[in-house]
Amino acid sequence: MERGMGKQDGPGRELNAYEKVLAEDRRVMREMFRVSIGGAHAGLVITVFIVVLFAAIGGTVWALIVGGAVAFWFAVALIAVVGGGRRGWAAAKRAYLLAFGWAGWL
């Protein structure tokens, strides 16, 4: 028995014009927000530089505040990734990308 307007459901069916436009929009958004491990490494280096700068200018207390905020952000990312089903090194890598991958967009 066919459902809907007689079209086949599932991955093998032909997309209509609206669905093709949506699929292309999703592809563009994925490309735009893609992060790389190189970008994450750059983000970590920039973050460490900023924490050291805060330590030199503002003192140890400010360095601990900024470093603690970054550590908290990484912990939140790790909890979210583990909650999403990733484990081990895959979870740590994804959290690293989430916490520091922003530098790839600079």
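In this predicted model, A42 is found in helix α2. A42 counts as partly exposed because its relative accessibility is 31%, a value that falls between the limits of under 20% for buried and over 50% for exposed. Along the chain, A42 and G101 are 59 residues apart, while their C-alpha atoms are separated by 7.9 Å. A neighbour in the same helix tells a related story. G43 also belongs to α2, and with a relative accessibility of 0% it counts as buried. Setting aside neighbours within four places in sequence, the contacts of G43 are F100, W102 and A103. From G43 to W105 the distance is 9.9 Å, C-alpha to C-alpha, although their positions lie 62 residues apart in sequence.

A little further on comes T47, another residue of helix α2. T47 has a relative accessibility of 11% and therefore counts as buried. Beyond its neighbours within four places in sequence, T47 touches V70, F100 and W102. F100 and W102 are thus partners of T47, just as they are partners of G43.

It helps to step back and view the chain as a whole. The fold contains 4 helices and 0 strands, so that, read from the N terminus, its elements follow the order α-α-α-α. Of the 106 residues, 15% count as buried. The chain exposes about 8200 Å², and 70% of this area is supplied by carbon and sulfur atoms. Contacts between distant parts of the sequence are also well represented: among contacts joining residues at least 6 apart, 57% link residues at least 24 apart.

Helix α3 comprises 24 residues and spans 34 Å from its first C-alpha to its last, close to the 34 Å expected at 1.5 Å a residue. Within α3, the residues A63, V66, A77 and V81 are buried, and the buried residues of this helix pack against α2 and α4. After α3 comes G85, which has a positive phi, near 110 degrees.

Helix α4 has 13 residues and reaches 18 Å between its first and last C-alpha atoms, again close to the expected 18 Å at 1.5 Å a residue. The buried residues here are A91, A95, Y96, L97, A99 and F100. Those of α4 pack against α2 and α3, which matches the view from α3, whose buried residues pack against α2 and α4.

Two of the buried residues of α4 deserve a closer look. A search of the whole structure finds 1 aromatic pair. Its members are Y96 and F100, with ring centres 5.5 Å apart and planes at 55 degrees, so the pair is tilted. Y96 and F100 are separated by about one helical turn, because they stand 4 residues apart in helix α4, which covers residues 88–100. Both Y96 and F100 are buried.

The surface has a character of its own. A nonpolar patch is formed there by I46, F49, I50, L53, F54, I57, V61, W62, I65, W102, W105 and L106, which together have about 1300 Å² of accessible area. The elements giving two or more residues to this patch are α2 (37–58) and α3 (60–83). Of the elements, α2 gives the most, with 6 residues. One of the patch residues is L53, which lies in helix α2 and counts as partly exposed because its relative accessibility is 41%. W102 and W105 belong to the patch as well; W102 is also in contact with the buried G43 and with T47.

Charged side chains complete the picture. Side chains of opposite charge can pair when their charged atoms come close. A search of the whole structure finds 2 salt bridges. In one of them, the side chains of E14 and K20 meet at 3.5 Å, N to O. E14 has a relative accessibility of 62% and so counts as exposed, whereas K20, at 44%, counts as partly exposed. In the other, R27 pairs with E24, and their closest N and O atoms are 2.6 Å apart. Because R27 and E24 are 3 residues apart in helix α1 (residues 17–32), about one helical turn separates them. R27 counts as partly exposed because its relative accessibility is 40%, and E24 likewise counts as partly exposed because its value is 37%.

Key: Residues numbered from 1 in each chain as written. Predicted model: local features only at pLDDT ≥ 70, side-chain atom pairs only at ≥ 80, totals over all residues. Heavy atoms only, no water. Patch = residues over 30% accessible without salt bridge, like charges linked within 9 Å, V, L, I, M, F, W, Y side chains within 5 Å. Areas by Shrake-Rupley, 256 points an atom, 1.4 Å probe, with all protein chains shown as cover. Salt bridge = Lys/Arg side-chain N within 4 Å of Asp/Glu carboxyl O. Buried < 20%, exposed > 50% of the residue type's maximum accessible area, 1.4 Å probe, protein only. Contact = heavy atoms within 4.5 Å. Phe/Tyr/Trp six-rings, centres within 6.5 Å; stacked < 30°, edge-to-face > 60°. Expected span 1.5 Å × (residues − 1).
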